[in-house]
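Reader: Could you walk me through this structure while I look at it?
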Number of protein chains: 2
Amino acid sequence: MTDIKFPPPAAGHFNEGQLREAIEMLFFAYRDFTAEPDAILAGHGFGRAHHRVIYFVGRHPGMTVSDLLGILKITKQSLARVLRELVDQGFVAQVQGERDKRQRRLSLTAKGLALEKSLTERQLARIARAFDAAGVQSVEGFRKVMLGITDDPSLGRKSV
Amino acid sequence: MTDIKFPPPAAGHFNEGQLREAIEMLFFAYRDFTAEPDAILAGHGFGRAHHRVIYFVGRHPGMTVSDLLGILKITKQSLARVLRELVDQGFVAQVQGERDKRQRRLSLTAKGLALEKSLTERQLARIARAFDAAGVQSVEGFRKVMLGITDDPSLGRKSV
DNA sequence: GGCAAAATGTCAACATGACTGACATAAAAT
DNA sequence: ATTTTATGTCAGTCATGTTGACATTTTGCC
């Protein structure tokens, strides 16, 4: 079958075929990248949303609910359900903020850390394989492009 | 469990911080990359699933339902709902296969092509910006890493 | 010719994760 | 003292995925 053909690249630019390849790589990489953890999560009765919460709370212990909402860019009602399940089942701990007592500072329990590890190690291994195969130079290129695709790489990722 | 807790130094050149950065870049890039089309789709009463169908049918006119299922890796029941809406509303056309009359060969109508364009051009512009800013060398690195992250870059992407 | 397998469609029930809108409480900031 | 912020909660809805079961048409094989 003849797929759509695109004009050759103009100097210094990229043609539509190359750009579309990137669109597709994002889809395929993300699809495969999330498949393994999804399978593990299903065994716990959890979904991808739980993984995201566990991941970012593990990455930034002591973060507030606001911080998390800012990173995930979902509504607090959506987050609430997932977070409540994780707290109720002892994966995430909440402690009242010291300076600001309205805040609930989030962190992983030992149980939460264990789950985070089992989920993330698959993804880390996948990335490590890809990085090692591609080499340091390629990884630097990958970083540049990924940051360029992201709206504002500094937002929603502040240290907490 | 028998998993290795800490990667042996010989395993690769990249530390966990660098690998985790990649995990996060995938999340943030994908999140922002899908936000713009999602907004447009919402105006049509469609979702991201419709976009994926429109995208791949546009990319591979004449593809079969089987081909599409192989790419999207969802169940036929999930696809059916989305596809039926797109066909009913005149975005996607189905014609019986010539050689194999069981097949429904999919393609975009003029209306479908217009929607595909309006959705994809935002994403193409985003990628083009990132590619131009990063440079040819970085784009090649990006490609290598993304292909390495994907399970089998040749599968689910065959020419139809 | 007969029959199994393939390509597709469809019905039903359900889970997950997102949304909007409204309202409540406690603490901080003004 | 009042407003704003951080958080929580209830209720309803929607989009997208799942499993399981079954039907139709067509192809390919013995």
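Reader: Which helix is Ile23(B) found in?
Author: Ile23(B) is found in helix α1 of chain B, residues 16–44, where a helix is a DSSP run of H or I with at least four residues, numbered from the N terminus. This is a predicted model, in which local features need pLDDT of at least 70, side-chain atom pairs count only at pLDDT 80 or more, and totals for chains, interfaces and linings use all residues. Residues are numbered from 1 along each chain as its sequence is written, while chains are lettered from A and ligands numbered from 1 in the order in which they are written.
Reader: Is Ile23(B) buried or exposed?
Author: Ile23(B) counts as partly exposed because it has 17 C-beta neighbours inside 10 Å; buried would take 20 or more other C-beta atoms within 10 Å of its own, and exposed 12 or fewer, with C-beta atoms placed from the backbone.
Reader: And what does Ile23(B) touch?
Author: Leaving out residues up to four places away in sequence, Ile23(B) touches Gln123(A) and Ile127(A), contact being C-beta atoms, placed from the backbone, within 7 Å.
Reader: How many residues does the contact take from each chain?
Author: The contact takes 47 residues from chain A and 49 residues from chain B. On the chain A side, α1 (16–44), α5 (110–134) and α6 (136–149) each supply at least two residues.
Reader: New topic: how can chain A be laid on chain B?
Author: A turn of 180° with a shift of 0.0 Å along the axis lays chain A on chain B with an RMSD of 0.1 Å, superposed by least squares on the C-alpha atoms of residues with pLDDT of at least 70 in both. The two copies are therefore related as by a two-fold rotation axis.

Definitions and conventions. Two residues are in contact if their C-beta atoms, placed from the backbone, lie within 7 Å.
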